[in-house]
Amino acid sequence: MSKKGSREMPEMNTSSLPDLIFTILFFFMMVTTMREVTLKVKFVIPQGTELTKLEKKSAVSFIYIGPPTDQLRAQYGSGTRIQLNDRFAEPSEVMDFIYQERQSMSDQTAQVVSIKADRNTPMGKITDVKEVLRKSWALKINYSATTRN
């Protein structure tokens, strides 16, 4: 018994490989969220007991309140600052921010403003922001917190 000729390995069919790669890429694009805002304030989220999750996250506008991060402390000081998207702002600028956010939403009546404030933020700063929100008819306000252990 002798084997005639050399047996070659058959070529692998790679015609479905691009489809597989694009399917995996599409999956990761759908499940991954990108952070849109670079945090310039640091905050320790307060703890709460009666918490609910936000339903429509696409209709949420975030306002961050707290001291500047360590990198920005030399430039902005250590006082409490308000961050709207990627910039620091004063309470009087919140009305323009709410208006711009409302214009970019498809369902403007579902707008919710989420205040992410440091637990040591003076209540006067939060009250100033709330008064401007009231004047701009942003009456659905959410305060971010974590559950108590």
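## Around Pro67 and strand 2

Pro67 sits in the loop between strand 2 and helix 2 (73-76). Keep in mind that this is a predicted model. Is Pro67 buried or exposed? Pro67 counts as buried because its relative accessible area is 17%, and the cut-off for buried is under 20%. Setting aside residues up to four places away in sequence, Pro67 touches Lys40, Val41, Lys42, Arg73, Ser78, Gly79, Thr80 and Asp118. There's also a pairing to look at with Arg81: Pro67 and Arg81 are 14 residues apart in sequence, yet their C-alpha atoms are 5.7 Å apart in space.

Now for the strand that leads into this loop. Strand 2 covers residues 60-66, and six of those seven residues are buried, so the rest of the structure largely encloses it. Which strands does strand 2 pair with? One is strand 5 (residues 112-117), which runs parallel to strand 2 and is joined to it by six bridges. In that pairing, Val60 has Val112 as its bridge partner. Another is strand 3 (residues 81-84), which pairs with strand 2 in the antiparallel sense over four bridges. Here Ile65 of strand 2 is matched with Ile82.

Ile82 turns up again in the surroundings of Ala89, a residue of strand 4 (residues 87-89). Apart from neighbours within four places in sequence, Ala89 is in contact with Ile82 and Leu84.

Back to Asp118, one of the residues that Pro67 touches. Asp118 lies in the loop between strand 5 and helix 4 (123-135). What is the nearest side chain of opposite charge to Asp118? That's Arg119, at 6.1 Å, and Asp118 is buried without a salt bridge. A salt bridge would need the charged atoms within 4 Å. Leaving out residues up to four places away in sequence, Asp118 touches Lys42, Phe43, Val44, Ile65, Gly66 and Pro67. So Ile65, the bridge partner of Ile82, is also among the residues touching Asp118.

Over to helix 1 (residues 17-31), where Ile21 is found. Ile21 belongs to a nonpolar surface patch of about 930 Å², made together with Leu17, Leu20, Ile24, Phe26, Phe27, Phe28, Met30 and Val31.

Here's how the relative accessible areas line up for three of the residues above:

| Residue | Relative accessible area | Status |
|---|---|---|
| Ala89 | 4% | buried |
| Pro67 | 17% | buried |
| Ile21 | 49% | partly exposed |

How values were computed
Residues are numbered from 1 along each chain as its sequence is written. This is a predicted model: local features need pLDDT of at least 70, side-chain atom pairs count only at pLDDT 80 or more; totals for chains, interfaces and linings use all residues. Side-chain values use heavy atoms; hydrogens and water are left out. Buried means under 20% relative accessible area, exposed over 50%, partly exposed in between (1.4 Å probe, protein chains only). Helices (H or I, at least four residues) and strands (E, at least two) are DSSP runs, numbered from the N terminus. Two strands pair if DSSP finds at least two bridges between them. Patches are made of residues with over 30% relative accessible area and no salt bridge: like charges are joined within 9 Å, nonpolar side chains (Val, Leu, Ile, Met, Phe, Trp, Tyr) within 5 Å. Accessible areas come from the Shrake-Rupley method with a 1.4 Å probe; for residues, only the protein chains shown count as cover. Lys and Arg count as positive and Asp and Glu as negative; His and the chain ends are not counted. Contact means heavy atoms within 4.5 Å.
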